[in-house]
Amino acid sequence: MNSAEETILRQSEAKFRALAEASPAAIFIAQHGSISYANPALAALTEYTRGELIGLDPIRLLHPSERGRELDPRREVRLHTRSGHERWIDLAVAPIVYDGGAAVVGTGIDITDRK
C-alpha cells in the first residue's frame, strides 16, 4: 500500500470512529469470536464498560434463550445485561474485513420500550 492509500485508509477509519463514537446506536466489531471494538452506546446498553466488552464473546451478551440460534442479518433479539436485565434490540450484522481479516460489524437499536 502506498502513502496515498494509507492516508485514505486512515481518513476513512477516523470518519468511522467519529460516527460510531457519537452514534446513539450500539455498534461493535467482532473478530475471531470476540469483540474488538465497542462504542459508548453498546457499553451503556449492556452495562459493561468498553474495556470489559473488548475480548468478550458477543454471544455472551445475548439472552440465554437466543444463544445457539442462527442470526439473520437483521432481527430482533434479547440481550442479557451485566446486571441481569433483559433488553430488546433491533440487531443488524454484516461481514467486513477488519485488520486484514474476516470480521462482523453489528449495530443495535434499543427497542425495549416498544416491546
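**Salt bridges and strand packing in the predicted model**

Arg78 counts as buried, with a relative accessibility of 18%. This value falls under the 20% cut-off for burial and is taken from a predicted model. The side chain of Arg78 forms a salt bridge with Glu86, in which the closest N and O atoms are 3.3 Å apart. Glu86 has a relative accessibility of 39% and is therefore classed as partly exposed. The two residues also belong to a network of salt bridges that links Glu66, Arg75, Arg78 and Glu86.

In total, the structure holds nine salt bridges. Among them is the pair formed by Asp90 and Arg74, with the closest N and O atoms 2.5 Å apart. Asp90 is located in strand E4 (residues 86–98) and Arg74 in strand E3 (residues 74–80), so this salt bridge ties together parts that are 16 residues apart in sequence. The accessibilities of the two partners fall into separate classes: Asp90, at 16%, counts as buried, whereas Arg74, at 58%, counts as exposed. Side chains of opposite charge can pair when their charged atoms come close.

A further salt bridge is formed between Lys115 and Glu76, with the closest N and O atoms 2.8 Å apart. This pair links distant parts of the chain, as Lys115 is in the segment after E5 and Glu76 is in strand E3, 39 residues apart. Glu76 is partly exposed, its relative accessibility being 29%. Lys115 has a second contact, with an aromatic side chain: its charged end sits over the ring of Trp88, at 4.6 Å from the ring centre. As for contacts between aromatic rings, the structure holds one aromatic pair.

Strand E1 (residues 26–31) is mostly covered, six of its six residues being buried. In a regular strand the side chains alternate between the two faces of the sheet. In E1, Ala26, Phe28 and Ala30 point one way, while Ile27, Ile29 and Gln31 point the other way. The residues of both sets are all buried.

E1 pairs with two strands. With strand E5 (residues 101–110), the pairing is antiparallel and extends over five bridges. Within this pairing, Ile27 of E1 stands opposite Thr107 in E5. With strand E2 (residues 34–38), E1 also pairs in the antiparallel sense, here over four bridges. Gln31 has Ser34 of E2 as its bridge partner. E1 and E2 form a hairpin with two residues between them. In the turn of this hairpin, His32 has a positive phi of about 55°.

Helix H1 spans residues 3–22 and includes Leu19. The relative accessible area of Leu19 is 61%, so this residue is classed as exposed; the cut-off for that class is over 50%. Leu19 and Ser34 are 15 residues apart along the chain, and their C-alpha atoms are separated by 22 Å. The exposed Leu19 of H1 thus contrasts with the residues of strand E1, where six of six are buried.

Note on methods: Residues numbered from 1 in each chain as written. Predicted model: local features only at pLDDT ≥ 70, side-chain atom pairs only at ≥ 80, totals over all residues. Heavy atoms only, no water. Buried < 20%, exposed > 50% of the residue type's maximum accessible area, 1.4 Å probe, protein only. Pairing = 2+ DSSP bridges. Salt bridge = Lys/Arg side-chain N within 4 Å of Asp/Glu carboxyl O. Phe/Tyr/Trp six-rings, centres within 6.5 Å; stacked < 30°, edge-to-face > 60°. Lys NZ or Arg CZ within 6 Å of the ring centre and 35° of its normal.
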